[in-house]
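Could you walk me through this model, one selection at a time? I have it open in a viewer and would like to know what to click on next.

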Amino acid sequence: MVNVEKTSQSILRKFDPSELADYEKRKIVFWYDKDRTAWDDEKLAPSSELNEIIQILAGHSIKFHILSNNYFETKKLLEIEDPESNYLIYCPDKERTHEENWLFDIQLYSSRFENSRISDLKSEFEIEGHELDDFFTKYEKFFGNQKERVQPLKKLYQKDWREKEFILGMLAVFFKNSGS
């Protein structure tokens, strides 16, 4: 289940004209929904929330395409049939390895959208990329307490932090909260 308003606003930010690089004419955004938060497994179709998001995107001239096992069809659509339009490419599965992904070359010049607790945490700390995904997954329980842990950690946080610095920051938050 997804929050339609929050998710659609996050997706629309990816398509903001200010996000276009000088060489770009359009945006392509990939959403690999490995947790199937926006997919109806019974109907094998987008959930009602995703259908609402699709309508919102259409109102902003952003096309929607489902990537299931149709990698060649998708590549043909994006590179030959419609090389001008903005697209959200939604896949109700995890991303394939680079060697097995026919769209990897397109993804290199595209953006990604994630709708997970980990992506929410990364956006709170303004962290780009996937380097710390495993770290946030491993310590997800720590980050579950917004008021007592995440907010104090954000006050300590520096943009150059990696795992080691996060752990030291987490320890500082624990010791401060324990009254020691």
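One term first, for the stops ahead: a residue is called exposed when its relative accessible area is over 50%, buried when that area is under 20%, and partly exposed in between. Glu131, at 62%, is therefore exposed, and we will come back to Glu131 later in the tour. Please also keep in mind that this is a predicted model.

**The whole chain**

Start with a cartoon view of everything. You should find 9 helices and 6 strands in the protein chain. Turn the C-alpha trace along its principal axes and the span is about 65 × 40 × 35 Å. The chain has 180 residues, and 40% of them count as buried. Switch on a surface, and you are viewing about 11400 Å² of accessible area, with 50% of it belonging to carbon and sulfur atoms.

How do the contacts run along the sequence? Taking contacts between residues at least 6 apart in sequence, 65% join residues at least 24 apart. For the charges, colour the 27 positive and 35 negative ones: their mean positions lie 5 Å apart.

**Strand β5: Cys91**

Now select Cys91, which sits in strand β5. Is Cys91 buried or exposed? Cys91 is buried, because its relative accessibility is 4%, and the limit for that word is under 20%. Show the side chains around Cys91 and, setting aside neighbours within four places in sequence, you will see contacts with Trp31, Tyr32, Asp33 and Leu67. For a distance to draw, try Cys91 to Val29: they are 62 residues apart in sequence, yet the C-alpha to C-alpha distance is 11 Å.

**The loop before β5: Pro83**

Step back to Pro83, in the loop that runs between α3 (71-81) and β5 (86-91). Pro83 has a relative accessible area of 36%, so it counts as partly exposed. Leaving out residues up to four places away in sequence, Pro83 touches Arg26, Leu77 and Leu78. Lys25 is worth labelling too: 58 residues separate Lys25 from Pro83 in sequence, while their C-alpha atoms are 9.2 Å apart.

**Salt bridges**

Next, look for charged pairs. Side chains of opposite charge can pair when their charged atoms come close. How many salt bridges does a search of the whole structure find? The search finds 10, and here are some to click on.

- Lys76 and Glu81: this salt bridge has its closest N and O atoms 3.4 Å apart. Lys76 is partly exposed because its relative accessibility is 38%.
- Lys122 and Glu114: here, too, the closest N and O atoms are 3.4 Å apart. Lys122 counts as buried because its relative accessibility is 4%, whereas Glu114 is partly exposed at 26%. Add Asp133 to the selection, and you have a network of salt bridges linking Glu114, Lys122 and Asp133.
- Arg162 and Glu131: the side chains meet in a salt bridge of 3.5 Å, N to O. This pair links distant parts of the chain, 31 residues apart: Arg162 lies in the loop between α8 (146-156) and α9, and Glu131 in the loop between α5 (117-124) and α6 (133-138). Arg162 is partly exposed at 39%, while Glu131 is exposed at 62%.

**Two residues with positive phi**

Stay in the loop between α5 and α6 and select Glu126. What is the phi of Glu126 near? The angle is near 55°, a positive value in a residue other than glycine. Glu126 is exposed, with a relative accessible area of 58%.

Then move to Ser61, in the loop between α2 (48-58) and β4 (62-66). Phi of Ser61 is near 60°, again positive in a residue that is not glycine. Ser61 is exposed, with a relative accessible area of 58%.

**Last stop: a patch with residues of α9**

Finish by selecting Ile167, Leu168, Leu171, Phe174 and Phe175 with the surface on. Together these residues make a nonpolar surface patch of about 460 Å². One of them, Phe174, belongs to helix α9, which covers residues 163-177. Why is Phe174 called partly exposed? The reason is that its relative accessibility is 39%, which falls between the limits of 20% and 50%.

Conventions. Residues are numbered from 1 along each chain as its sequence is written. This is a predicted model: local features need pLDDT of at least 70, side-chain atom pairs count only at pLDDT 80 or more; totals for chains, interfaces and linings use all residues. Side-chain values use heavy atoms; hydrogens and water are left out. Patches are made of residues with over 30% relative accessible area and no salt bridge: like charges are joined within 9 Å, nonpolar side chains (Val, Leu, Ile, Met, Phe, Trp, Tyr) within 5 Å. Accessible areas come from the Shrake-Rupley method with a 1.4 Å probe; for residues, only the protein chains shown count as cover. A salt bridge is a side-chain nitrogen of Lys or Arg within 4 Å of a carboxyl oxygen of Asp or Glu. Helices (H or I, at least four residues) and strands (E, at least two) are DSSP runs, numbered from the N terminus. Buried means under 20% relative accessible area, exposed over 50%, partly exposed in between (1.4 Å probe, protein chains only). Contact means heavy atoms within 4.5 Å. Lys and Arg count as positive and Asp and Glu as negative; His and the chain ends are not counted. The place of a charge is taken as NZ of Lys, CZ of Arg, CG of Asp or CD of Glu.
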